[in-house]
Amino acid sequence: MTRPLHCENLPLTDLAEQFGTPLYVYSQNALTKAFSAYTDAFAAQQPLVCYAVKANGNLSILKHFAALGSGFDIVSGGELARVLAAGGDAGKTIFSGVGKSEAEIEFALEAGVLCFNVESLPELDRINAVAARLGKTAPVSLRINPDVDAKTHPYISTGLKANKFGIAYADALDAYRYAASLGRLNIVGIDCHIGSQLIDLSPLQEACERILLLVDQLAAEGIVLQHIDLGGGVGIIYQNENQPDLAGYAAAVQRLFAGRPQTLILEPGRSLVGNAGTLLTKVEFVKHGEEKNFVIVDAAMNDLMRPALYDAYHHIEAVVPKAIPPFTADIVGPICETGDFLGKARTLTCEAGDLLAIRSAGAYAASMASNYNTRNRAAEVLVNGSSVQQIRRRETIEQQLANESACL
Ligand code: LLP
């Protein structure tokens, strides 16, 4: 038999047998390596890397990053609860997002987050009011929209004038002046985020230049910042993208930061977890249709939404390649939607009962899963060398129904 695909030292066939499918499998070593890529590239800056929890909020993954010294970028009270439950440091946690509720602001202030990344003037008012009510001072950074085209998928491009995020570049100085006029705010930083899955990093550099221009203008007015947060991380290779030049970007940042006292903060998500994860799925049926062939698997768009939502490509391969003629098929799930596909027109060899590995499924995969079609969310395991730990049990139908009642 051909050697099956492995995660570190463990055959994926063994993991499927032990934990069932669909199954998310993560490599701990790959998580560590991805984190070090940032701390190594930016070593001169000694940055605070704040892992973007939304990419994958599993408690064990958060705990692993916390142990590596990571801070966290959160976008909800729920994500803050995850960070705290995983033993993460609130003092290294920044709270992003356009719609923070009063309850979430209160929770974050009580927990002692490093700062709020504020996206509008009404949000400044709200944070100021909650801080006053609690007798506290709130640390804030303003998210400035540098109006740079990130050249990525429109759904994940965030730094353009037309996006809902951040404060317009032209309004930035006034927004800082306004923040300085509010008694319960402590201005600590500036932040931006232009988009996700960036392969060409020149827009990131351009955004950095524009942000630093503002930092200097603010300093001239006596508003001195403690940190500069350049937002999310670089893209990853899903198919045949070029390798983003992290070292080149880091060198440009180093040049631009020369002589500046501020701490550099980065908020990478995808690049820390994306290629550390595989979604393992079993072939239920192979259906040879009139126009197309379909490989129907036990994972679906509720497990991995990216293909349906963004037409995203994830590489799919047989865990144990067979000596049978390859054929071309759409890889689809059991959900009753034409959009329920995981891959289109893929050439592979497989039969019913075989296992397929869906690659690059560590980021925005399990964290975006849903219960559509009343499907239980998948189990997750973390592999470290030759050992494996289940880090999320497979959901049960009882858990799904627990919050509902059949009243009339
Ligand atoms: N910081 C902020 C404020 C963000 O909005 C994001 C991602 C990040 C950091 C992390 O960016 P990254 O390093 O992962 O590029 N669901 C989509 C991605 C949405 C990204 C949203 N913001 C996908 O599956 O491609």
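**Strand pairing, domain arrangement and ligand shell**

In the predicted model, Tyr 26 has Gly 277 of strand 13 as its bridge partner. This bridge belongs to the antiparallel pairing of strand 3 (residues 23-27) with strand 13 (residues 277-288), which extends over four bridges. Strand 13 also pairs with strand 18 (residues 355-358), again in the antiparallel sense and over four bridges; within that pairing, Thr 281 stands opposite Leu 356 of strand 18. A further antiparallel pairing joins strand 13 to strand 14 (residues 293-297) over five bridges, and here Val 286 is matched with Val 295 of strand 14. Strands 13 and 14 form a hairpin, with four residues lying between them.

Leu 356 of strand 18, the residue opposite Thr 281, recurs in the surroundings of Glu 317. Glu 317 is located in strand 15 (residues 316-318). When neighbours within four places in sequence are set aside, the contacts of Glu 317 are Leu 348, Leu 356 and Ala 357. Glu 317 is classed as partly exposed because 16 C-beta neighbours lie inside 10 Å, a count between the limit of 12 or fewer for exposed residues and that of 20 or more for buried residues. The C-alpha atoms of Glu 317 and Cys 350 are 9.2 Å apart in space, although the two residues are separated by 33 residues in sequence.

At the level of the whole protein, the assignment comprises domain 1 (6-25 + 274-401) and domain 2 (97-266). The centres of domain 1 and domain 2, taken over C-alpha atoms, are separated by 36 Å. Eight residues from domain 1 and five residues from domain 2 take part in the contact. On the side of domain 1 that touches domain 2, three residues are nonpolar and five are polar, with no charged residues.

Both domains are also represented around the ligand: domain 1 and domain 2 each contribute at least three residues to the shell. In total, 20 residues surround the ligand, and the closest are Ser 196, Gly 232, Gly 269, Arg 270 and Tyr 364. By class, the shell consists of six nonpolar, 10 polar and four charged residues. Helix 10 (residues 270-273) and helix 11 (306-310) supply at least two shell residues each. The UniProt record, an unreviewed entry, places the feature "binding site" at Gly 233, Glu 267, Pro 268, Gly 269, Arg 270 and Tyr 364.

Two of the annotated positions, Arg 270 and Tyr 364, were examined individually. Arg 270 is found in helix 10, whereas Tyr 364 occupies the loop between strand 18 and strand 19 (379-384). Arg 270 is buried because 25 other C-beta atoms lie within 10 Å, against a threshold of 20 or more. Tyr 364 is likewise buried, with 25 other C-beta atoms within 10 Å. Apart from residues up to four places away in sequence, Arg 270 touches Ala 55, Ser 196, Gln 197, Gly 233, Ile 236, Ala 363 and Tyr 364. With neighbours within four places in sequence left aside, Tyr 364 is in contact with Ala 55, Arg 270 and Arg 306. Ala 55 thus appears among the contacts of Arg 270 and among those of Tyr 364. Ser 196, which is in contact with Arg 270, is listed with Arg 270 and Tyr 364 among the closest residues to the ligand.

Notes
Residues numbered from 1 in each chain as written. Predicted model: local features only at pLDDT ≥ 70, side-chain atom pairs only at ≥ 80, totals over all residues. Pairing = 2+ DSSP bridges. Domains from an automatic or database assignment. Contact = placed C-beta atoms within 7 Å. Nonpolar A, V, L, I, M, F, W, Y, C, P; charged D, E, K, R; others polar. UniProt positions renumbered as here; feature names shortened; annotations may be inferred. Near = placed C-beta within 6 Å.
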